[in-house]
Amino acid sequence: HSHLLELLKRTTVHGESNSALIIGPRGSGKTTLLNHVLKDLREMNQVRENLLEVHLNGKKNPFLSGLLQTNDKVALKEITRQLQLENVVGDKVFGSFAENLAFLLEALRRGNRSSSCPILFVLDEFDLFVHHKNQTLLYNLFDISQSAQTPVTVIGLTCRQDILELLEKRVKSRFSHRQIYLMNSFDFKEYIKIFKKQLSLPAEFPNEAFAQKWNNNVQHLSEDKTVQDVLQRLFHRTKDLRSLHLLLVLAVSAVTVHHPLPTAADLQEASRQHSSDSRANIVHGLSVLEICLIIAMKHLNEVYDGEPFNFQMVYNEFQKFIQRKAHSMYNFEKPVVMKAFEHLLQLELVQPLERPSARAQREFLLMKLLLDSSQIMEALQVYPNCPTDVKQWAASSLSWL
Amino acid sequence: MPNLEHPAYPAADLARLESLVPCRESQVSMLLSIFGERQQFSFPSIFIYGHTSSGKTYVMQTLLTTLQLPHVFVNCVEHFTSRLLLEEILIQLQNCSGTEQTSPVHCDTLNDFVRLFKQALASQELQDQTLYIVLDRAEQLREMEANILPAFLRLQELTDRNVTVVLLSEIVWELFRPNVGCFEPFTMYFPDYSIGHLQKILSQNHPPEYSADFYAAYINILLGVFYMVCRDLKELQHLAALNFAKYCEPVVRGEANERDTRKLWKNIEPHLKKAMQTVYLREISSSQWERLQQDGGEPGQLKGLSAHTHVELPYYSKFLLIAAYLASYNPVRTDKRFFLKHHGKIRKTNFMKKHEKTSNHLLGPKPFPLDRLLAILYSIVDNRVAPTANIFSQITSLVTLQLLSMVGQHDQLDGPRYKCTVSLDFIRTIAR
C-alpha cells in the first residue's frame, strides 16, 4: 500500500514517469487497493494545492478496463473521451497510433511551461490488453512513460502470474519491471477476526441497543465450535474473501423480524447450501429412465476404462439390465430412450467428443460422461423413490456379465 | 408453509405473489431477502440454475412484475449475437421509462453499451431503485464473444450504478466459468418438483365441469404411466390436457360414474401407452391426436413422422441397400466365407478375440469401397446383373436420399467409398 502511494506521489509531485503492475489472484483486493490509494492521494493533493498553486492544474485519470476495450482503436477512442479532448481531435486523420497518442498528450500542455498534467493510466484486466494486435497500446504507453515528455504513470492490474512472459520483448524492455504482489497470506486466526469484523455492525448504526446485542451475538458466534468448523472448512477450500462474503450473506438472509439474530445453525445451513455439488443437484431431478441410462454409462466406463461410448452401446447395456434384472422397469421403446438420452445431452451431463455433423448418424456419435462415478453413487443415495433393483444394479460390479 | 413477509413490500402484493407461485415459496423468500429494499444494492450478479421447466423464468417474471421492480427481460436464444443482445437491453430500458421516445439505438461493443447505459439510467426517474437485467437461457452467452459473460457479471462495478444481472440456465455454473476466472455470482438452485408437487400443480388446472377429486385421480394415473420417463412439467401438462377428453368418455357416455376407477383405468390405459409412442415423441401433432381420438381409429392408421422415411425403392436399389448394409457391418475377412460357393476355413487370430466384445453393430457402419459393394451385389442377386449406368445412377440416388453416405473426397483416385446409414429394422422392412 505504501509502495503504491509513494509511486503515485512521485509522479504527481515530482513529475516522474513510472509504471507498475499489481498482480494477485481473483478477489485479493487489487481494485480496492488502488481505489484506496487514489482516494488518499486526492486528499493529499487538495492539501498541496492549498499550499502551492503552481504545480498541478488538475489530474486526469482515464480508467480503462480490458473487458470493455477489446482492441486498440476502441481503447484510443475511450482515452480521447475520458481526457475530454474530443473537440480538439475533431477531424484530424492520424497516420499511426503513436502520432495520435502524442498529439493527445501535447494538447494537455497547459500554459505552464514547466509541467504539463500528470496522467495516470489504470489498465484493469491487463492480460486482455496483451492479446491485442502487436500490443500497440501497451508499447506506446510504456514508451511515453520512459521518455521524458509528460509525466505518465501506467498501472496494470491482472490476475495472471505469468503476465511478464506474455509481453513482447520491446514492450517488456520499456516496462520498469516494478511488480506488486498481493496474496491472501493471512492465517486462520486472522480469518476469524475478519469474519467478526465483517459481521459486526458499525458504530454509527442508529439503534444503539440493537447494535450492542448484535455485536455480542457475533462475539459469541466467533467462539462457537461449530461456527469455527464451518469457517475452517471454507478456509481450507479458498482463502478468498469474496466466498466468505457470500457465505455470510446467505446466513444473514435468514434473519427476519421474528428471528433477529443469526445463529450457528444458520451458518451451518448456509455452508451446506454454499458447498452443495451442483451436478448432484441436477442428477436429483432426473427421471428414472435417465438415471438408468447414466448407470449404464457408468458401467461402460468401468469396463472399457473410460473410452468414449455411443448411444447404441448404452442402449444395449440398458437392454441387458431390463432382460436380466429389472422388475420395476418397463421395457421402453428405442425412440423413448433416445429422447431421454437427448435430454441428458441438453443438460450437458454427456458431451459429444466432436461436433455432430449432418452426415453421421446420431446414435453412433461418440460421447463421454461428465460425471464421476462417486458423484453418481452419492446422488443415488439421496434420489427420491429410487426402485431397489436400479440401486442394486448401480452398486453391482460386472461379475454377472 | 412459510408466508412471504418482507417489510419493504405491501402485504397484499406478497399474498398475490404467493398464490401465483405454488411450491416455490422458499426460493421466492430467499430472492426477496437478497433483493432487499428497493434502493439497496444487491449482489452484482445472481446465477439461477435448475431443470427444464422447474419454474425459473416464470417465478422471476412473476416476482418482478407483481412487485413492480424495474427490470429488463431478455432471452439469449432470441438475441444470439452480442449486438442484438446489447441493443435489446437498451431498447427495453427506453420503454421502461415510459416516455415515448424510441430513437434507434446503435450499439456495437460493450464499451458503447456501458456509456449508453449510464446515459439511459440517468434520464430515468428510478429514484435509486435497483434495476434488474434478467438474461434467460444464459448458456448462449458462452457462444458469444469471450468478454460478454465476464463483463455482465461485473456490470455493477463497471458502470458504477445500482444494477443486478440475473442469469437463468439449465447448465451448472462450473461449465460457464472462463479459464482465467471471473467474478463469481451468487448461485442458487431451483430444486425439481417432487411427485407431490407435480400432482398439486397439475391438479390446479382442472376444468370446471368436473370435480377436483376426479381430476386428481386422473392426474394420478397419468403420472403413474409417465413419471418414470419424464418429469418435465410442460410435457406433462400437454399430455394431461390432450388425454383428458378420452378419460372422461365413459362418464359422458354414461357407462360409468366418476368413482368407477377400475373401468376408467381400463379404458385409458392402452391409450396412454399409445400416447407415449406418438405424442410424447412428437411423431404426430396434437391436432392429429385429437382427431384420432374422436374417430376411435386403430393404431394402424397412425402415420407418424418416422413412417414417412419408409420410401418405396425400385428392385435393384433394394438389393443395393442390403448389399451396402452387409458391406458396412461385416468385416472383410468374412466376405469370402459368406459369399463364395467354395469357402475356406477362417482362422481365428488373437486379433479377433480381443475385439469380440465390441461387435460391429455397436460401433456403427464402416466405410467400404465401391468394388466391394458391386461384388456383394453380384453374389446376392440371382440373375446376372450388368454393370450398366443404371446401377451406378441408383447408387447416386441412394446417396441423395441419405440412405448411403459418401466418405472421403469426391476426387479420390481409388474410387469412391461409401457407408450405409440405415438401421437393421429398416433393412428388414425393405427385405420383405
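Which helix of chain A holds both Glu302(A) and Lys298(A), and how many residues apart are they? Both lie in helix α16 of chain A, 4 residues apart, or about one turn of the helix. The legends below take that pair first and then move on to other spots.

A few ground rules before the views: this is a predicted model, so local features need pLDDT of at least 70 and side-chain atom pairs count only at pLDDT 80 or more, while totals for chains, interfaces and linings use all residues. Residues are numbered from 1 along each chain as its sequence is written, chains are lettered from A and ligands numbered from 1 in the order in which they are written, and side-chain values use heavy atoms, with hydrogens and water left out.

**View 1. A salt bridge within helix α16 of chain A links Glu302(A) and Lys298(A).** The N to O distance here is 3.2 Å; a salt bridge means a side-chain nitrogen of Lys or Arg within 4 Å of a carboxyl oxygen of Asp or Glu. Glu302(A) is partly exposed, with a relative accessible area of 39%, whereas Lys298(A) is buried at 6%. Buried is under 20% relative accessible area, exposed is over 50%, and partly exposed is in between (1.4 Å probe, protein chains only). Helices (H or I, at least four residues) and strands (E, at least two) are DSSP runs numbered from the N terminus.

**View 2. Glu317(A) and Lys320(A) pair up in helix α17 of chain A.** Their salt bridge has an N to O distance of 3.9 Å. The two sit 3 residues apart in α17 (residues 311-324), about one helical turn. Glu317(A) counts as buried at 9% relative accessibility, and Lys320(A) as partly exposed at 22%.

**View 3. Glu235(B) and Lys339(A) form a salt bridge between chains.** The closest N and O atoms are 3.2 Å apart. Glu235(B) lies in helix α10 (residues 233-253) of chain B and Lys339(A) in helix α18 (residues 334-346) of chain A, so the pair joins two chains. Glu235(B) is buried at 12% relative accessibility, while Lys339(A), at 22%, is partly exposed.

**View 4. Glu348(A) meets Arg142(B) where chains A and B touch.** The closest N and O atoms of this salt bridge are 3.0 Å apart. The interface has 2 salt bridges by the rule, and the count over all chains comes to 8. In total, 56 residues of chain B are in contact with 55 residues of chain A, contact being heavy atoms within 4.5 Å.

**View 5. Leu135(B) sits among the best-connected residues of the largest nonpolar core.** This core has 116 residues, and those with the most contacts inside it are Met297(A), Leu135(B) and Leu141(B). Its largest share, 10 residues, comes from helix α16 (residues 288-303) of chain A. A nonpolar core is a set of buried Ala, Val, Leu, Ile, Met, Phe, Trp, Tyr and Cys residues joined through side-chain atoms within 4.5 Å. Leaving out residues up to four places away in sequence, Leu135(B) touches several partners, including Val74(B), Cys76(B), Leu85(B) and Phe152(B).

**View 6. Leu321(B) is tucked into helix α13 of chain B.** That helix spans residues 315-329, and Leu321(B) is buried, with a relative accessible area of 0%. Its C-alpha atom is 9.7 Å from that of Thr421(B), 100 residues apart along the chain.
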